[in-house]
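Trainee: Could you take me slowly through the helices, how they are built and how they pack, and then through a few single residues? I am new to this structure, so please explain each term as you go.

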Amino acid sequence: MCGIVAYVGHREACPVVIKGLKRLEYRGYDSAGVALMNGHGLKVYKKKGKVVALERELEGKETHSTIGMGHTRWATHGEPNDVNAHPHYSFHRKLAIIHNGIIENYAAIKQALLKKGHTFTSETDTEVLGQFIEDIWENNGGTLEDAVRLALQEVVGAYAIVVMSETDSTQLIAARKGSPLVIGVGEENEFFLASDATPIVEYTKDVIYLNDYEIAVIKEGDLKIVNLDNTTTTPYVHKIEMELAAIEKGGYDHFMLKEIFEQPRSIADSMRGRVQADAGILQLGGLRDYMDKLARSERIVIIGCGTSWHAGLVAEYIFEELARIPVEVEYASEFRYRNPIIKEGDIVIAISQSGETADTLAAIELAKSKGATIFGVCNVVGSSIARATDAGAYTHAGPEIGVASTKAFTAQVTVLTIMALEAAQRKGTISESLFRQLLVELESIPAKVEMVLQAADKIKEIAYIFTYARNFIYLGRGLNFPVALEGALKLKEISYIHAEGYPAAEMKHGPIALIDEDMPVVVIATKDSSYEKVVSNIQEVKARKGRVIAITTEGDTDLPGMVDFTIEIPKVHSMLMPLISAIPLQLLAYYIAVMRGRNVDQPRNLAKSVTVE
Ligand code: G6P
């Protein structure tokens, strides 16, 4: 949510910043802007729309500068337009600021500044913060660094900010609380700042993750990090493993399609070093010291948002079935505001692709304050959630750029399945033979996903037929129920078609009223213990002339004659079915969205990393 990038060093800053903004565009794409020091002083250029609109705006302008910062916005305060775009000048234009997050007490600060005669050009909280910093700088007699620190001591809310001043073309000041900020340490005393490592990776692998309440001061090629109380801290330089190819499209039309097709590899990566079926070994290194605690726990609470919440629902079935531990799955946004009951021995598992979701982070802090042990299942290494949890397991799906989550979901489900299996083995609630069978089947998943991907052309043809449908219903039972929810979410997110997921048997309690010849119903009807019941649900839809697209197990000869379209997927143990059954639904949503001409990777109003409430 909002992307920040900045550079200071020996290179031309503008191309570095613009390229970085394009890499971060998945975080927000309402507007984009840059600030440069180009011989005309501190100059801000900004434009409503995507980074390409900003590029057009910059054509013919003087952009020579070795310092610069840029921002892609996901609007919170004020509509997406040129004026509300970042960077924002301060009142006397001595500084410019970019910001990701929300300043909750901005109205009170604004009132105080208005009384002093300030005026504001935008509706943003960010402009208020910029003016506040400048006001302190002008009136307290200290340095800009002092002013930033003093201002932030007064601020309530979340922020990652970068400040540039007209008085020093070697200085960038950045700070964070609740919104991510990564510092790249490049060659010849150059520095990069970004919301995540993707704009940095092609220049350097050495990064520092700024912590909450820290201020980074880059000046004359040196970096200093201080806390809000002005004590200096020693930064730890991490080596990132991300490769440039992982954040490029690699010949695919969209990141989403690339990421769907990457799943055989990403699922294998999420199991690598963790599953050894031939030796009957399973281990999650990051949870080694906590496994007994998990196996002994009396209750697991899983928290997450969006797709991650759906992965949690899948995990609920698996943990309860295999490890016999009661599980509750909660939206993080609800959990954090309802005084949840946490008992000693409870384990909270926080699931998050980005590791930055504000609601999930806040829910973790609440659970922590109540004494829970928190595990994280995150994709982004070094992310805030990964660092806020007691222990965890990375999903290792690789960077996910498409806003609609695909490979992150299957990687989350894989890791949670491994976790449940390990707990079940420790607890003795799973037979050795089932344990071994599931390990072997887990290892076969990447090849089976590959087989599903081969049906892409058929799925494309079905998508063509339903391109202009106005509504969709998705049905599934058991572990396929959360998959139905996820399938409906994918379609909604990227095609803007209204879609609802339901447990198949719930249909008769309401949604059946919607069924007629214009209603496509996607039914996950794989061969498992509820197959017969799901077939009855399909009959109910057909009796009302609904059009059924069924996801079936290969070799099923009954359903093709009963439904309008079938998509076959390979046979797999029902505990692992979501890893396979989710794939055709991702493809169906993708192709429908493409045929409707939607911007699949950057759907309207959404953002990949939701760092505000
Ligand atoms: C946003 C994204 C979703 C994602 C959700 C949770 O809404 O658009 O794709 O599932 O946030 O994000 P997280 O990073 O915590 O998994």
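Mentor: Let us begin with accessibility: a residue is called buried under 20% relative accessible area, exposed over 50%, and partly exposed in between, using a 1.4 Å probe and protein chains only. By that scale Q539, at 41% relative accessibility, counts as partly exposed, and this residue is found in helix α17 (residues 531-543). The model is predicted, with local features requiring pLDDT of at least 70, side-chain atom pairs counted only at pLDDT 80 or more, and totals for chains, interfaces and linings using all residues. Residues are numbered from 1 along each chain as its sequence is written, and side-chain values use heavy atoms, with hydrogens and water left out.

The helices themselves are DSSP runs of H or I with at least four residues, strands are runs of E with at least two, and both are numbered from the N terminus. Let us concentrate on helix α9, which covers residues 306-323. The expected span of a helix is 1.5 Å times one less than its number of residues; for the 18 residues of α9 this gives 26 Å, and the end C-alpha atoms are 25 Å apart, which agrees. Helix α9 is mostly covered, since 13 of its 18 residues are buried, and just after the helix R324 takes a positive phi of about 55°.

Now for its partner. Two packed helices are described by the angle between their axes and the distance between the axes. Axes here are lines fitted to C-alpha atoms, for helices over the stretch in contact, and angles run from 0 to 180 degrees between N-to-C directions. The axes of α9 and helix α13 (residues 407-427) come within 9 Å and cross at roughly 20°. The two helices are therefore roughly parallel to each other, because angles under 35 degrees count as roughly parallel, over 145 as roughly antiparallel, 65 to 115 as roughly perpendicular and the rest as oblique. The crossing of α9 past α13 is right-handed, meaning that the near helix is turned clockwise from the far one by less than a right angle, whereas anticlockwise would be left-handed.

Contact means heavy atoms within 4.5 Å. Among the residues meeting across this pair are H310, V314, I318 and F319 in α9, and F409, V413, L416 and M419 in α13. By class, the contact has 15 nonpolar, five polar and one charged residues, where Ala, Val, Leu, Ile, Met, Phe, Trp, Tyr, Cys and Pro count as nonpolar, Asp, Glu, Lys and Arg as charged, and the others, Gly among them, as polar.

For a contrast, helix α7 (residues 263-271) and helix α14 (residues 432-453) pack at an angle of about 170°, with their axes 8 Å apart, and that makes α7 roughly antiparallel to α14. The contact of α7 with α14 has nine nonpolar, one polar and two charged residues.

Two further helices show how covered a helix can be. In α4 (residues 125-140), 13 of the 16 residues are buried, so it is largely enclosed by the rest of the structure. G141, which follows α4, has a positive phi near 80°. In α18, 16 of its 18 residues are buried.

Finally, consider N84, in the loop between β4 (67-73) and β5 (88-89). N84 is buried, with a relative accessible area of 1%, and residues touching it include R73, H77, E123 and T124.

Notes:
Lists of a residue's contacts leave out its neighbours within four places in sequence.
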